[in-house]
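Let's take a walk through a protein model together, from its sheets to the ligand it holds. Keep the viewer open and follow along as we go.

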Amino acid sequence: MAEQLNQVFVPRGFNELFNAWTRFPEAVPFAGGTQIIRSQAEAELRLPKIILSLSEVGELRHMSRTEQYLEIGAMVKLRDIIRLGKIVPEALTRAIEGIAGPQLRGLATIGGNICNPGYQLDCAAPLIALDAVYELRSAQNSRWISASRFFSPPGPALKSRELLTRLRIPLDQWDFSAYRKFGNRDSGSEGGVLIFIMKNRKNILTDLRVVFAGECILRDRNAETFLTGKRLPLSFRDAQEFSVRWRQSLQEAGRPSPLIRSEILGRVESLIHNLAD
Ligand SMILES: Cc1cc2nc3c(=O)[nH]c(=O)nc-3n(C[C@H](O)[C@H](O)[C@H](O)COP(=O)(O)OP(=O)(O)OC[C@H]3O[C@@H](n4cnc5c(N)ncnc54)[C@H](O)[C@@H]3O)c2cc1C
């Protein structure tokens, strides 16, 4: 027989939410619930004993934009982010479109995607590449943290009873975005997403970011800086140097599995050589 649920809290604002969380510190935030129930094959679902539903906290569903950035509440559904259209940077749109099917994206939230314990889900790589920042809130205060510092193995940098409330994504103009997903977690393998974005201003490569996120974050900032400011198309030699640096970074990282590392390297090499003569 399924274990009985003890309690489900459905707070209508932050005060109620943090009051409940202070009284029941073991309560687990519940957004769309899709990751929480993922990979449960039994007929009866196993749910956390005490659930803190985020569904009625209106502040978590806000979206707004200025000239500089797009702000998205943690409870915004993945489907609704895609529906914003061209405002959303292509790297993020493509990563979201690669997550399951439309029905699941209508339940799953961006906050649940970012806060998964253990490993990073598919939105992490584009958010890191785009320099997104996250607002984290507790009963006492709130703080901002960059997407690149948010995940420090073995999990998200959330303190006890801290909630992700919203994220800010800078709205830069990226001239080329590529997305590639590796592995299949539902069949038990390691996996992750690689994002490659670049700016081309009058045939000068003015910015380049290549980020993999999964069990770990892989990024070689020195290799990116090495190519920044170079004329496009790149020389074969510069493209080759970039590949060599990435190969070395992957070797030093020692993660994910050798198979996925070799697939990542293959993809990085092919993307960078496409920018060369
Ligand atoms: C069949 C299936 C296929 C899937 N395929 C993919 C895929 O291809 N790629 C992918 O990335 N994901 C996939 N997922 C996982 C999941 O659906 C999404 O990543 C989704 O975005 C999770 O959001 P959610 O709202 O359902 O999170 P939930 O399941 O509600 O929460 C996930 C975790 O985050 C915590 N949490 C949620 N919101 C907050 C918050 N605001 N602050 C602090 N902690 C919070 C929860 O406590 C929980 O630990 C799949 C899921 C299923 C069931």
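What follows is a tour of a predicted model, starting with its sheets and ending at the ligand.

Let's begin with the open sheet of 3 strands, whose order is 1-3-2 and whose pairing is parallel. Strand 1, residues 7–9, and strand 2, residues 28–30, are at the edges with a single partner strand each, so each has one side without a neighbour in the sheet. On average, neighbouring strands here are turned by 30° against each other, direction ignored. If you zoom in on strand 2 and strand 3 (residues 50–53), you will find them paired in the parallel sense over 3 bridges. One residue to pick out is P29, whose bridge partner in strand 3 is L52. Helix 1, residues 14–23, packs on this sheet and touches strand 1, strand 2 and strand 3. The direction of helix 1 makes about 165° with that of strand 3. Keep P29 in mind, as it comes back at the ligand.

Now turn to another sheet. This open sheet has 4 strands in the order 11-12-13-14, and the pairing is antiparallel. Which strands stand at its edges? They are strand 11 (176–182) and strand 14 (217–218); each has a single partner strand, so one side of each is left without a neighbour in the sheet. As a reminder for reading such pictures, strands of a sheet pair through backbone hydrogen bonds, in either a parallel or an antiparallel way.

We can step across this sheet strand by strand. Strand 11 and strand 12 are joined in the antiparallel sense over 7 bridges, and F176 has M198 in strand 12 as its bridge partner. Moving on, strand 12 and strand 13 pair, again in the antiparallel sense, over 10 bridges; here F196 has V210 as its partner in strand 13. These two strands form a hairpin with 2 residues between them, and K202 in the turn has a positive phi of about 50°. The last step goes from strand 13, residues 204–214, to strand 14, where 2 antiparallel bridges make the pairing. At that border F212 stands opposite L218.

How well covered is strand 12, residues 192–201? It is mostly covered, with 8 of its 10 residues buried. Helix 3, residues 90–97, lies across strand 11 and strand 12 and runs at about 25° to strand 11. The helix has its own buried residues: A91, L92, T93, A95 and I96. Their cover includes strand 11 and strand 12, along with helix 2 (78–83), helix 4 (102–105), helix 6 (124–129) and strand 10 (163–170).

Strand 10 leads us to L167, which is found in it. Is L167 buried or exposed? L167 counts as buried because its relative accessibility is 0%. Beyond its neighbours within four places in sequence, L167 is in contact with L70, E71, I72, I110, I114, L127, V133 and Y134. For a sense of scale, L167 and V10 are 157 residues apart in sequence, and their C-alpha atoms are 22 Å apart in space.

One of those contacts, V133, takes us to strand 6 (residues 133–137). Strand 6 pairs with strand 7 (residues 142–146) in the antiparallel sense over 5 bridges. The two strands form a hairpin with 4 residues between them, and R137 has S142 in strand 7 as its bridge partner.

Finally, the ligand. It is surrounded by 31 residues, the closest being P29, G32, T34, T109 and K181. Several N and O atoms sit at short listed distances from it: a backbone N or O atom of G33 lies 2.8 Å from a ligand oxygen atom, and a polar side-chain atom of R38 lies 3.2 Å from a ligand nitrogen atom. An N or O atom in the side chain of N113 is 2.9 Å from an oxygen atom of the ligand. How much of the ligand does the protein cover? On its own the ligand has 980 Å² of accessible area, and the protein covers 88% of this.

N113 deserves one more look. It is found in helix 5, residues 110–114, and it counts as buried because its relative accessible area is 9%. Apart from its neighbours within four places in sequence, N113 is in contact with I99, L121, D122, C123 and A124.

Key: Residues numbered from 1 in each chain as written. Predicted model: local features only at pLDDT ≥ 70, side-chain atom pairs only at ≥ 80, totals over all residues. Heavy atoms only, no water. Pairing = 2+ DSSP bridges. Contact = heavy atoms within 4.5 Å. Axes fitted to C-alpha atoms, helices over the stretch in contact; angles between N-to-C directions. Near = heavy atom within 4 Å. Polar contact = N/O pair within 3.5 Å; in protein donor to acceptor, adjacent residues only side chain to side chain. Areas by Shrake-Rupley, 256 points an atom, 1.4 Å probe, with all protein chains shown as cover. Buried < 20%, exposed > 50% of the residue type's maximum accessible area, 1.4 Å probe, protein only.
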